[in-house]
Amino acid sequence: MFGSVFGLPVRNRLSFRDAIAWIVGCMSILGLGAGYSPTMSYPQAKPETAGGLRSSSLESFDKLWQERTISFGQGSDRTGFPSFSGSSVGDRSERGAFPLILHATFMDSVLVEAGSQEYSRLASMTEGELKSYRESFLSAHDISRYIYIWIELQTPLSEEYLKLDRWTIFLEDEQKHQFDPIRVVEHPRERGVARRQPTSEDETGNLLSERLQERFLVAKDVEFYFPKYHIQGEPVVGSEMRRLKLVVVQSSNPNVRAEGTWDLSNIRKH
Amino acid sequence: MKPIICTFLFIVSFVLSGCKEEVRSTWAQSPLKIDGDIEEWKDAPFVIFEDGRLALSVENDSAYLYLACRIGDATLQRMIDRLGLTLWVDPEGESSEDLEIHFPAGRSAELRLSRGGFWDNLTEEQKARTSKQIEEMRTGILVYDKRGVESHVYPSRSARGFAAGAAMSNGLLIYEFRIPLDTQKFFSRAGALGTQGKVGIGVKLSGLRERQIGSSSGGSGRAIGPPGRRGRGGGGGENRPPIGGESGERTSDVWVSVWLAGAK
């Protein structure tokens, strides 16, 4: 039926494993099996009452992370998450057959501070350690100069699809200005690292989903650094900007394309 | 005439099935040790549910509600052992699931540590401390207030506040919980327990073994004497094999209204 897809040879008939892999991918992108997962961080709470080992609130790191994360890619024209949108585009035969699943997080200063606080509590840091940790993080990621995007790439198919040289990844603003990454740092992960946490409300389904993901998904974390300012000195993400798009295009075939959009007004609201 | 009687009986049984069992708490003379050891509960009356597969007993003092759950059914034991036990506590004495307790927190407390690059920024010593903390969270008790979208993980053996313990004893899986009556100090949107004189307690069984448990008694239960009088294994039918031929009927969550005891 297809001679090749995404530049890789494709068998005429899908094997059982391939079929399962596609189903797992679709489940993952639709958020099935994710369900309720308590979002937690440490509030400044009284130790004998609210605090505990870990706590959550609407302002928690997990909540902020979720708000700044868009998911899009394989087999998805819509997603179940409220704060992002995404789509896969291509010709009819390829539509919905994008081989990657992407979870991209906009690492702004609010999230970085919440993350620093979160990890300082997890590691029982002193005030001095936290200060040093924060400075070290800001220095390493230089978010004053760059737009820092953390992306989790996943695929139920071959690890070949995770190779970044297969893809052109860029940001696009509302005026269709496009921005290429200035720096990219890869963090390979091994097969079997499930991204999502299990739920307390959907045990059986989630366990199934989680096991399928562990069995079939390969993943990689990547840091992308985009310019924070135009050449003229204007900020790329201005105070009036409502939406920012992340576009992923196969380098050898522009028809294989997926994109996700951050709703910045939703992020700024908090 | 016959159809009318049948309809009447159906309506009566339907209404009765929705009623919660009422349980009287026993006054705890001294604070209970929360370790899953049933010994401290040997004189306490247990109420049996689900044809003996689950039994509950409640004690309280002026600061805490103590709850013991005995699970006799092997399949249910395996599922709860694997997934943890989920309780709901309703300060109004009804069946609200807003305040949820899960023990052990297990994978609910797991984190994707590598995300965002925060983990890589830790020193080796900080990584070791973090790993230890994560492990403690996995064995902790997760309490979640859905109204305030607020959750906390507490050490399971903490000296004050929420605590929980679990152990196997004579073929029974025992869960013990300590729940502070002043829950509003822990969760801003929660009310204090016992202001109405009673507290609603729910135990989540639905979804655990839909295909294993046959006849479902829902909220109905019966009071029995202390387990110590029934010899090894708990007796009283708790270890009876499943009946109803693994019919696949839905298993209801168990709800009880607990009337708190006053100081003696």
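# A walk through chains A and B

Start in chain B by selecting Val143(B) and His152(B): the second of these, in β9(B), is the bridge partner of the first. What you have open is a predicted model, in which local features need pLDDT of at least 70 and side-chain atom pairs count only at pLDDT 80 or more, while totals for chains, interfaces and linings use all residues. To find your way, residues are numbered from 1 along each chain as its sequence is written, and chains are lettered from A and ligands numbered from 1 in the order in which they are written. Helices (H or I, at least four residues) and strands (E, at least two) are DSSP runs, numbered from the N terminus.

**Stop 1: around β8 of chain B**

Extend your selection to residues 141-145 of chain B, which form strand β8. Here 4 of the 5 residues are buried, where buried means that 20 or more other C-beta atoms lie within 10 Å of the residue's own, exposed means 12 or fewer, and partly exposed is in between, with C-beta atoms placed from the backbone.

Now add residues 150-154, strand β9 of chain B: β8(B) and β9(B) run antiparallel and are joined by 5 bridges. Two strands count as paired if DSSP finds at least two bridges between them. The hairpin of β8(B) and β9(B) has 4 residues between the strands, and Val149(B) there takes a positive phi near 45 degrees.

Next, add residues 99-103 of chain B, strand β7, which is antiparallel to β8(B) and joined to it by 4 bridges. Zoom in on Glu100(B) to find Tyr144(B) of β8(B) opposite.

**Stop 2: helix α2 of chain B**

Select residues 74-83 of chain B, where the buried residues of helix α2 include Leu76(B), Met79(B), Ile80(B) and Leu83(B). They span an arc of only 95 degrees around the axis, which puts them on the same side of α2(B); the arc is that of the directions from the helix axis to the C-beta atoms. After α2(B) comes Gly84(B), with a positive phi near 90 degrees.

Before leaving, zoom out to the whole chain. Chain B has 3 helices and 14 strands, and 44% of its 264 residues are buried. Two residues are in contact if their C-beta atoms, placed from the backbone, lie within 7 Å. Of the chain B contacts between residues at least 6 apart in sequence, 73% join residues at least 24 apart.

**Stop 3: helix α5 of chain A**

Over in chain A, there are 7 helices and 13 strands, and 40% of the 270 residues are buried. Select residues 127-141, helix α5 of chain A. The expected span of a helix is 1.5 Å times one less than its number of residues. For the 15 residues of α5(A) that gives 21 Å, and the end C-alpha atoms are 21 Å apart, which agrees.

Which residues of α5(A) are buried? Color Tyr133(A), Phe137(A) and His141(A). Looking down the axis of α5(A), you will see these buried residues fall within an arc of 40 degrees, so they line one face of the helix. On the other side, Glu127(A), Gly128(A), Glu135(A) and Ser139(A) are exposed. Show α4 (109-122) and β7 (146-155) of chain A too: the buried residues of α5(A) pack against both. Just after the helix, Asp142(A) has a positive phi of about 45 degrees.

**Stop 4: the open sheet of chain A**

From β7(A), follow the open sheet of 5 strands in the order β4-β6-β7-β11-β10 of chain A, with antiparallel pairing. At its edges stand β4 (69-73) and β10 (183-188) of chain A, each with a single partner strand, so one side of each has no neighbour in the sheet. Neighbouring strands of this sheet are turned by 20 degrees against each other on average, direction ignored; axes are lines fitted to C-alpha atoms, for helices over the stretch in contact, and angles run from 0 to 180 degrees between N-to-C directions.

For a pair inside the sheet, select β7(A) with β11 (218-227) of chain A, which run antiparallel and are joined by 10 bridges. Across this pair, Glu152(A) stands opposite Asp221(A).

**Stop 5: strand β12 of chain A**

Finish with residues 243-250, strand β12 of chain A, and show its side chains. Where do they point? They alternate: Leu244(A), Leu246(A), Val248(A) and Gln250(A) point to one face and are buried, while Arg243(A), Lys245(A), Val247(A) and Val249(A) point to the other and are not.

Two neighbours are worth adding. Strand β8 of chain A (residues 167-172) runs antiparallel to β12(A), with 6 bridges, and Phe170(A) stands opposite Val247(A). Strand β13 of chain A (residues 253-263) pairs with β12(A) in the antiparallel sense over 8 bridges. The hairpin of β12(A) and β13(A) has 2 residues between the strands, and Lys245(A) faces Thr261(A) across the pair.
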